[in-house]
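Subject: Handing over the structure

Hi there,

Thanks for taking this one on. Please have a look at the model here, and then read on for my notes.

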Amino acid sequence: MPSVITPAQLDWDENGQPVSQAFGDVYFSSQAAMEETRYVFLEQNQLASRFSALPCGHCLVIGETGFGTGLNFLAAWQLFDTTAPPGTRLHFISTEKYPLALADLTRALALWPFLAHWAEQLLAAYRAIHAGMQRLVFDEGRVTLTLLIGDAQTELSQLEGRVHAWFLDGFAPAKNPDMWTDALFAEVARLSAEGTTLGTFSAAGAVRRGLKAVGFKMKRLPGQGKKWEIMRGEFITPSAPVGAPPPSPSKPWFDYPPPVAGERKALVIGAGLAGCATAFSLAARGWKVTVLERHSGLAQEASGNPQGVLYLKLSAHGTALSQLIVSGFGYTRRLLERLQQGTAWDGCGVLQLASTAAEGQRQHTLASAFAPGLLRLVTPAQASELAGVPVPNGGLYFPEGGWVHPPALCALMAAHPNIGLVTHQHVLRLEQVAQGWQVWSATERLASAPVVVLACAEQVQAFEPTATLPLKAIRGQITRLPATDTSRALKAVVCAEGYVAPARLGEHTLGASFDFNRLDREPSVAEHTHNLALLDDISPDLAQRLAPASAEQLQGRVGLRCTSPDYLPVVGPVADPEAFDAAYAQLRRNARATCDEPCPWLPGLYVNSGHGSRGLITAPLSGELIAAWLEREPLPLPRPVADACHPNRFGVRALSKGKASPPKRAGLDGR
């Protein structure tokens, strides 16, 4: 994963038009940019008629090479708004190797005042745009923009889904030959199905021959303005039925499950971050969602702390977890723009202090692997200035980080009109029936729907189909410290082994302990004492300013983090464990065996759990991942990352080691 992304470097010509320094080319024609966009991309893909013919509940997916100033996206969005029926959706996917800075994007889009309604929404959401897949959501989920930040061919090779229309844009082949390659055309074809259309301003022979070679029927057409010719195309060599996602060769356990029949109704078990995020993403797609919660309201367990840290613990090696964190951080950060700063969240920045030489070396490696807009090294003096109080070490500063009140984020996501919350519903059993699933308490049926998503942390193991998932609860306790006149100087979250956040409603949050031996939820004096020791390590000066009471008098809160053995969340569709072992038994003999047997899915059953201490960053985007699996949409994460989070990974690993899935465990209710 390329982590250090170079922002676009622009010049501005005498007409106020942006010009790329890297390619020496304009982003759009100064004479007739909007007319060209409409002619080359909207008309050649017949988008007006296709938008107007979309059935309710359906989504049209557009793929683009070269996001640039976003002009093509805004033009497509404007047309969609004026022609598409209610209940339909637009998903626009675009690559960009050199993303514009917000100030440059603002200046460029000001040239098109008639697009101001849509441009203002894009600019408001244009935050935390970093390497990899970045998902932006507009109009309550009716319009989705997925930016693939990086090399076009590399990023498209990680994309999973189907594209219905292509905008092949970007700088001209003569200016940017590295993009217009046979490898890129092959990815365009892989993501297309019979009937996928294409428009491009380029009529170069190499482009026409390359697209024909991968299955497109191409036609040259008269251009407009300075462009003598353009091209349109249609994919005529399908690799799968129309609308079907691309297959996963030899890995059917990671394929999209078949579509779920019946009403677009879903039950989500659990009203924490994972449950609310799942409900939010499904509701945005028109699903009627009922969230069942055993407590009296939202965010009553691990998601109920007064302050959680929006902080990225990364690897410099492009691991699946790092890619998930970067994409998830961006998605959550943009979502928070809809909340009030000060009580619900604060983008105050996060400092991670380097308290040891080994940590300092790790931070130097990270600083060379990621862009300074995401993280940068700071000296002890700089760290103290950023923190507002003296700290003993320098470290990494995350300028877009901060703290969040998790219940406020849960409430934001659960407020969608398609979501209903039913409390005091302790689900203990699932029963598969012809119409989908029934959920039961100890004595009665609580609800039924074609789809059930288990988002109840380690309680996922209470249900027979998911009893073998290796989830583990880890106790964590935070300490609540009343703010003092001098402690209010703290103006950034500061982390070392623990963390302390700036005051919210007159109180600082300090934490958090990790206790692997207890699972009760009663705060302990020992863990308060532990947390106070963490505060001394973070800033002895701040510890004196807070002058906390004795540990016996402190208030706190305990939550149980749910994690997996590889520290990745468990997100995706669920298979029948016994049938899975039987279907892929050959993996016991050969871990690299090619398997063609369809996965024995349990139709309509999904899980979203195992987020550990990273739930603020990974759970919201995981809701989008669940919805994409269910709706057979392009995934919001690179395919290898989605696979690394898939519930079936544990069954594959067990078989590859010559084992069957672990025996079913007794439910958490003792059954």
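Below is what I found in it, region by region.

First, some ground rules: this is a predicted model, in which local features need pLDDT of at least 70 and side-chain atom pairs count only at pLDDT 80 or more, while totals for chains, interfaces and linings use all residues. Residues are numbered from 1 along each chain as its sequence is written, and side-chain values use heavy atoms, with hydrogens and water left out.

**The annotated domain**

An unreviewed UniProt entry places "domain: FAD dependent oxidoreductase" on residues 266-629. UniProt positions are in the numbering used here, feature names are shortened, and annotations may be inferred rather than shown by experiment. Over residues 266-629 the chain is 28% helix and 26% strand, and the C-alpha atoms at the two ends are 14 Å apart. Helices (H or I, at least four residues) and strands (E, at least two) are DSSP runs, numbered from the N terminus.

**Two helix pairs**

Helix H9 (residues 273-284) and helix H17 (residues 615-631) have axes that come within 8 Å and cross at roughly 40°. Axes are lines fitted to C-alpha atoms, for helices over the stretch in contact, and angles run from 0 to 180 degrees between N-to-C directions. That angle makes H9 oblique to H17; under 35 degrees counts as roughly parallel, over 145 as roughly antiparallel, 65 to 115 as roughly perpendicular and the rest as oblique. The crossing of H9 with H17 is right-handed, meaning that the near helix is turned clockwise from the far one by less than a right angle, where anticlockwise would be left-handed.

On the H9 side, the residues that meet H17 are Leu273, Ala274, Ala277, Thr278, Ser281 and Leu282. Their partners in H17 include Leu616, Ala619, Pro620, Ile626 and Leu630, where contact means heavy atoms within 4.5 Å. By class, the contact of H9 with H17 has ten nonpolar, four polar and one charged residues. Here Ala, Val, Leu, Ile, Met, Phe, Trp, Tyr, Cys and Pro count as nonpolar, Asp, Glu, Lys and Arg as charged, and the others, Gly among them, as polar.

The other pair is helix H10 (residues 320-336) with helix H13 (residues 406-414), packed at an angle of about 80° with their axes 11 Å apart. H10 and H13 are therefore roughly perpendicular to each other. Thr332, Leu335 and Leu336 in H10 meet Leu409, Leu412 and Met413 in H13. That contact of H10 with H13 divides into five nonpolar, one polar and no charged residues.

**Helix H19 and its surroundings**

Helix H19 (residues 648-656) is largely enclosed by the rest of the structure, because seven of its nine residues are buried; buried means under 20% relative accessible area, exposed over 50%, and partly exposed in between (1.4 Å probe, protein chains only). The cover over those buried residues includes strand E30 (570-575), helix H16 (577-583), strand E31 (601-609) and helix H18 (639-644). After H19 comes Gly658, with a positive phi near 80°.

One residue of H19 is Phe650, which counts as buried at 14% relative accessibility. Not counting residues up to four places away in sequence, Phe650 touches Leu469, Pro470, Ser564, Pro565, Asp566 and Val570. Pro470 sits in the loop between strand E24 (451-454) and strand E25 (472-482) and is partly exposed, at 29% relative accessibility. Pro470 and Gly610 are 140 residues apart in sequence, with their C-alpha atoms 9.3 Å apart in space.

**Two buried loop residues**

Which loop holds Gln307? The one between strand E13 (288-292) and strand E14 (308-310). Gln307 is buried at 1% relative accessibility, and its contacts beyond four places in sequence include Trp403, Tyr499, Arg504, Glu507 and His508.

Trp112 is in the loop between helix H4 (102-109) and helix H5 (116-125). At 12% relative accessibility, Trp112 counts as buried, and apart from residues up to four places away in sequence, Trp112 touches Phe28, Ala33, Met34 and Leu71.

**One more helix**

In helix H7 (residues 182-190), Leu184, Phe185, Glu187, Val188 and Ala189 are buried. Among the elements covering these residues of H7 are strand E4 (59-65), helix H6 (152-157) and helix H8 (205-213).

Best wishes, and enjoy exploring!
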